[in-house]
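Here are some notes on backbone geometry, written for a colleague who has the model open. Please read each point with the coordinates at hand.

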Amino acid sequence: MADCDVSMMSRALVLGRKGDPSPNPHVGALVADGDVVLGEGFHASAGLEHAELLALRAAGEAARGKTLYVTLEPCNHHGRTAPCVDAIIAAGIARVVIGCRDPNPNVEGGGVERLQSAGIEVLTGVMEAESQALIKPWTKYVTRGKSYLALKLGVSLDGRIATRSGASKWITSPESRARVQELRSAHDAVLIGIGTVLADDSRLTVRDVPGRNPIRVVVDSQLRLPVSSQLALTARQVPTCVVTTEVAPRAPADALEDLGIAVIRVPATAEGRCDVRELLKELAAREVVTVLCEGGAELAGSLLANALADELHVFVAPVLLGPRGRPGAVDWAGAETPADAPRIHPVRWELCGTDAYVSGPVCYPKKAARTPT
């Protein structure tokens, strides 16, 4: 592997982080002659041309005999677009460098083999870990049939989410709140418990930053969502779902559906709550690849207790709310020892205004391991 290959793949990864291709994966590609980029592209949106095709078009005839760098194995099947391998072969590309192989078990695959059979040199596994990280949510979606779930928490230094009077606006800084808006716009859906809805009556829309509104999902086992709530009144403008149990009453479900809200029923747990594992399957079946959970404490606790959160995004404000403040952001029994506790690894720390922002994948130690999510 040449240094040039690493440099070009790094550029392809930067390109791949752009766009909003869900339910397709993020992919970046470029055509290069040595260290000179001739054309580049990224998969901007489902149904639009793939990154490889855009890079080839930008390079034009100059692509003949040159190298194509792509973060994900080029497709060899018909989907919303024609196979990328056909265009690569037709363009006269001499060499293809690939970040990672396609993990999708639902397609024929064979992109590498098809290219090799056409006489094209293929190198795989260049910056493989980074390329796999780029499509980590999509990989879970296509291999397990479940949405990838990120959990957002905002807390004081002593782990509280509100004062003893219940006041919670605003604990975190304006910069942290803007970052949360960016997180919302980067996910297909935002998930929240009914208790938080009743307390805040939020619209859960993207504000003050560019980006689309995610689908709004409320976990509501007893169908308590008021028809007068902001979520209900704006359901025809922003897609909204309520997840409830199979035994929840029909009448309130009908009233919500009349307002344009989709009611999804899942099995109930022994405690009568919605089975969150089934919820993630139901959302994936509706082409929701990524979900951002914004609370409340009971829902967050259920996600961590059942090892369902894939990522954590925690904003810690430099303020103390005291022992009589509202309970912490997570309501669960917790681990018996620190060694058993879920933790972020690898961890990213940064300042967000005056707050500490810690984020990264959640690791569940072997002692607390459960069925993979």
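**Notes on unusual backbone geometry**

1. Pro 346 is placed in the loop between strand 13 (343–344) and strand 14 (348–352), and it should be kept in mind that the model is a predicted one. The peptide bond that leads from His 345 into Pro 346 is cis, and its omega is near -10°.

2. A cis peptide bond also joins Ser 22 and Pro 23, where omega is about 10°. As for its setting, Pro 23 belongs to the loop between helix 1 (3–16) and strand 1 (28–33).

3. Turning from omega to phi, Met 127 is a residue other than glycine that nevertheless has a positive phi, with a value near 55°. Met 127 is found in the loop that runs between strand 5 (121–124) and helix 5 (128–134). Its relative accessibility is 19%, and because buried means under 20%, Met 127 counts as buried.

4. Leu 204, likewise a residue other than glycine, has a positive phi, here near 60°. The residue lies in the loop between helix 8 (194–200) and strand 8 (215–219). With a relative accessible area of 2%, Leu 204 is buried, since the cut-off for that term is under 20%.

5. For checking in the viewer, the two kinds of site can be taken in turn: the cis bonds are those from Ser 22 to Pro 23 and from His 345 to Pro 346, while positive phi values are found at Met 127 and at Leu 204.

Conventions: Residues numbered from 1 in each chain as written. Predicted model: local features only at pLDDT ≥ 70, side-chain atom pairs only at ≥ 80, totals over all residues. Heavy atoms only, no water. Helix = DSSP H or I, 4+ residues; strand = E, 2+ residues; numbered from the N terminus. Buried < 20%, exposed > 50% of the residue type's maximum accessible area, 1.4 Å probe, protein only.
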